[in-house]
Protein chains: 2
Amino acid sequence: MEFLKGVSKKEILELEELLTQAQEGDIVKVNGAVHAIRDMGNVAFVILRKKDGLLQCVFEEGVTNFELKNLKEASTVEVTGEIRKEERAAHGIELRMKEITVLSEPEEPLPLPISKWKLNTSLEAKLNMRPISLRNVRERAKFKIQEGLVRGFRDFLYEQGFTEIHTPKLGAKSAEGGANLFKLEYFHRPAILQQSPQLYKQMMVGVFDRVFETGPVFRAEKHNTKRHLNEYTSLDFEMGYIDSFEDIMAMETGFLQYTMQLLAKDYQKELDILGVTLPDVSGIPVVRFDRAKEMVAEKYDRRIRNPYDLETEEEHLIGQLFKEDYGADFVFVTHYPSKKRPFYAMDDPADERFTLSFDLLFRGLEITTGGQRIHSYPMLLEKIGKKGMTTEGLEQYLDTFKHGMPPHGGLGIGLERLTMQLLGEDNVRETTMFPRDLNRLEP
Amino acid sequence: MEFLKGVSKKEILELEELLTQAQEGDIVKVNGAVHAIRDMGNVAFVILRKKDGLLQCVFEEGVTNFELKNLKEASTVEVTGEIRKEERAAHGIELRMKEITVLSEPEEPLPLPISKWKLNTSLEAKLNMRPISLRNVRERAKFKIQEGLVRGFRDFLYEQGFTEIHTPKLGAKSAEGGANLFKLEYFHRPAILQQSPQLYKQMMVGVFDRVFETGPVFRAEKHNTKRHLNEYTSLDFEMGYIDSFEDIMAMETGFLQYTMQLLAKDYQKELDILGVTLPDVSGIPVVRFDRAKEMVAEKYDRRIRNPYDLETEEEHLIGQLFKEDYGADFVFVTHYPSKKRPFYAMDDPADERFTLSFDLLFRGLEITTGGQRIHSYPMLLEKIGKKGMTTEGLEQYLDTFKHGMPPHGGLGIGLERLTMQLLGEDNVRETTMFPRDLNRLEP
């Protein structure tokens, strides 16, 4: 009987191993995709694309036991060669190729010039050919950094005593109701796709005190803007036994601090590829909603049209003001109007027109909505009534509160928006692997 | 201007801090939910439920500045008290309460006896009152262990050079087609919920070489069994530049080894609560599909009815045989019949009736399906033709292969099933936080 014993080391070396272990003159074996071929006559440079970077390989007549004309860009290959120092190559080394084994060949030439440093292709074309356009080193670096953001979120919250949960995306009823729900039939019953794990994470605060989830959410909004998606990845947490909603903002600040450090430590290569400088998150200013509106009105000589609403332009100007006056990339805007927040939001006892809630703006764009929630059963019923809603479909949610819940609150962060702002992109689709919008359901 | 500086230490102590830092006689402040009150006359025990365990608190007339009759089970409280050693209490300490502040109170008594060690309640009742039944310490421990499984999967794969991806659940076309798709309308276009991230993770192998995703998948199957769900969490990975499909099984073995160590290190408390002994995963036997059928037929005197299909009973008996004869809880069954595998499965060049694929059985239940995929564009077209399918909707997937893909393969693990088998439960709903099945869409 054969037994598998786990992962064993292969003869093939990864780029990092080449850089840390291999010596000049070593004969090594590597694999990768032929990213580009630059034929200079007697010599050709074959750039191999590996998961962690590019490797310059040298093709020499008489040395490389292969016909250059038989090597195609986008083939995948296994190469045996000799390590040589070469200051002009990336990483300071190159591989003098001796043997090449072709593992696979393309049927057609690539439709995009992916080996160019910047892929000067329209967003539309990049999205249509996503599996190809992401082979560009800069394009793929965006998603490596996105990985770091999610990783930082989880690792920080584990450290802070949170439990990860997985809540269903198919349901009978949603958190906020309304028109922006995708509807479907579930074994002859009407069902919806959850627009947020809100009700579930709140219910689980009664079990684990602190919970988080990273997963897809679905919004059937008919917005077609540069910052909206109909499906996105939400980083959600919810925490019990808070003293005030400031605890939630403090936790988010902690997440950002932890994650910027993680990026600097493990994702510096990708940050360099994209020329990204990490923002300072040592302190994040906090301003009330009404005060922020006044500050913007004063500084930029604008009129406040509606004291209970924040225009996109105002949001942008708040970001600009805090950058100009405080050097801050982030700003917490607190005490949003009750009318603009869902039924579970806790009103401010000092002024019930406002809530104990906040948005986090990053360079003038909302990337987080959060706040304290109502934990009292009678208060929840009252608020549901005030909002003109019914309790239908909310029975189990409400039962949780009937049976005791600690004071709590939480937030949701849009992962693709956070990535977009961090990388200085101007369209959220640039930082979404396979975006879903009004017009796009493929690939 | 106020600035938030991150998470600051609070006066409140967590259970772990009590156990590692507090000394007998220290006056400390803790919070939690009143899990149970045991009134003994002059003295009462108040058991606080905290996220990481239970804490015994002692109520004494004249010492505790509170009326016991005003304290209700399921209230959440903040307590100030004195630490005392007490061998008979969990963790060897108890808290002599001085002050109690009630943070919230329930409206009604709890509908389930959650403070009992084993919640002797029907599965149906537990699921109907999930946010309450999970407050039972044993019930919630299952999901803490589930967290450990996902964490192990991710951390091991990060170490192995995998990149985490987030692929859309809404799509125009699915991986395997067929009748088990949930359908919906997406802005006046037909759409489906993905039954697997299969096509996306394969496309991303061309970008990152190795990718993984942990997320929900949706199957509209009309099975109503103890092991099927209509929505579950899938742990998926896909890896390029494999030498054979054995590389994938070796990677899964590595994941299991890493994760069992992680559970032993960080989740021993929960394993003890549930009385779970971790399985030995130092070596996992591998057997061919046809050979496994023969072995079961011989040992248990069964007739092979269909050489190209595996009955549930046979699967169970394979598990039993390998336990009895090799002491193995896991077994890889390889070379599944081509007819039973989807179009992207690589046929065995030695015998095209079978594929270079496998299932991993854990105590007689399939928890993983995986294998090598076709990476050649012409071979894919041929296989699609053979299966009687069309390429409609697969254009972008196929284009990826037209433009070169390395040899690759991967797998998907059903998280809830893996948890179920590890914990020795007999229904997958026991290890699903909010199950979705033919009859259940709530809570």
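## Exercises on a predicted two-chain model

Leu184(A) is the residue of chain A that comes closest to the rotation axis, with its C-alpha at 2.5 Å. The model is predicted.

**Exercise 1.** Determine how chain A and chain B are related.

*Solution.*
Step 1. Two copies of a chain are related by a rotation about an axis and a shift along it.
Step 2. Here, chain A is superposed on chain B by a rotation of 180° with 0.0 Å of shift along the axis, and the RMSD is 0.0 Å.
Step 3. The two copies are therefore related as by a two-fold rotation axis.
Step 4. Now consider the interface. Of the interface residues of chain A, 99% are also interface residues in chain B, so the copies meet through the same surface.

**Exercise 2.** Describe helix α4 of chain A and its two ends.

*Solution.*
Step 1. The helix covers residues 137–159, which makes 23 residues. From first C-alpha to last, α4(A) reaches 33 Å, close to the 33 Å expected at 1.5 Å a residue.
Step 2. Is α4(A) enclosed or open? Count a residue as buried if its relative accessible area is under 20%. In α4(A), 21 of the 23 residues are buried, so the helix is largely enclosed by the rest of the structure.
Step 3. At the start of α4(A), a side-chain oxygen of Asn136(A) lies within 3.0 Å of the backbone nitrogen of Arg138(A).
Step 4. After the helix comes Gly161(A), with a positive phi near 80°.

**Exercise 3.** Trace the open sheet of nine strands and find its edges.

*Solution.*
Step 1. The strand order is β1(A)-β13(B)-β14(B)-β17(B)-β18(B)-β19(B)-β12(B)-β11(B)-β7(B), and the pairing is mixed.
Step 2. The edge strands are β1 (2–4) of chain A and β7 (163–164) of chain B. Each has a single partner strand, so one side of each is left without a neighbour in the sheet.
Step 3. At one edge, β7(B) pairs with β11(B) (residues 210–218) in the parallel sense, over two bridges. The bridge partner of Glu164(B) in β11(B) is Phe212(B).
Step 4. Next, add the helices. Helix α5 of chain B (residues 198–208) packs on the sheet, touching β7, β11, β12, β18 and β19 of chain B, and its direction makes about 30° with that of β12(B).
Step 5. Helix α9 of chain B (residues 312–326) also packs on the sheet. This helix touches β1 of chain A as well as β13, β14, β17 and β18 of chain B, and its direction makes about 125° with that of β14(B).

Methods: Residues numbered from 1 in each chain as written. Chains lettered and ligands numbered in written order. Predicted model: local features only at pLDDT ≥ 70, side-chain atom pairs only at ≥ 80, totals over all residues. Heavy atoms only, no water. Helix = DSSP H or I, 4+ residues; strand = E, 2+ residues; numbered from the N terminus. Expected span 1.5 Å × (residues − 1). Buried < 20%, exposed > 50% of the residue type's maximum accessible area, 1.4 Å probe, protein only. Polar contact = N/O pair within 3.5 Å; in protein donor to acceptor, adjacent residues only side chain to side chain. Pairing = 2+ DSSP bridges. Contact = heavy atoms within 4.5 Å. Axes fitted to C-alpha atoms, helices over the stretch in contact; angles between N-to-C directions. Least-squares fit on C-alpha atoms with pLDDT ≥ 70 in both.
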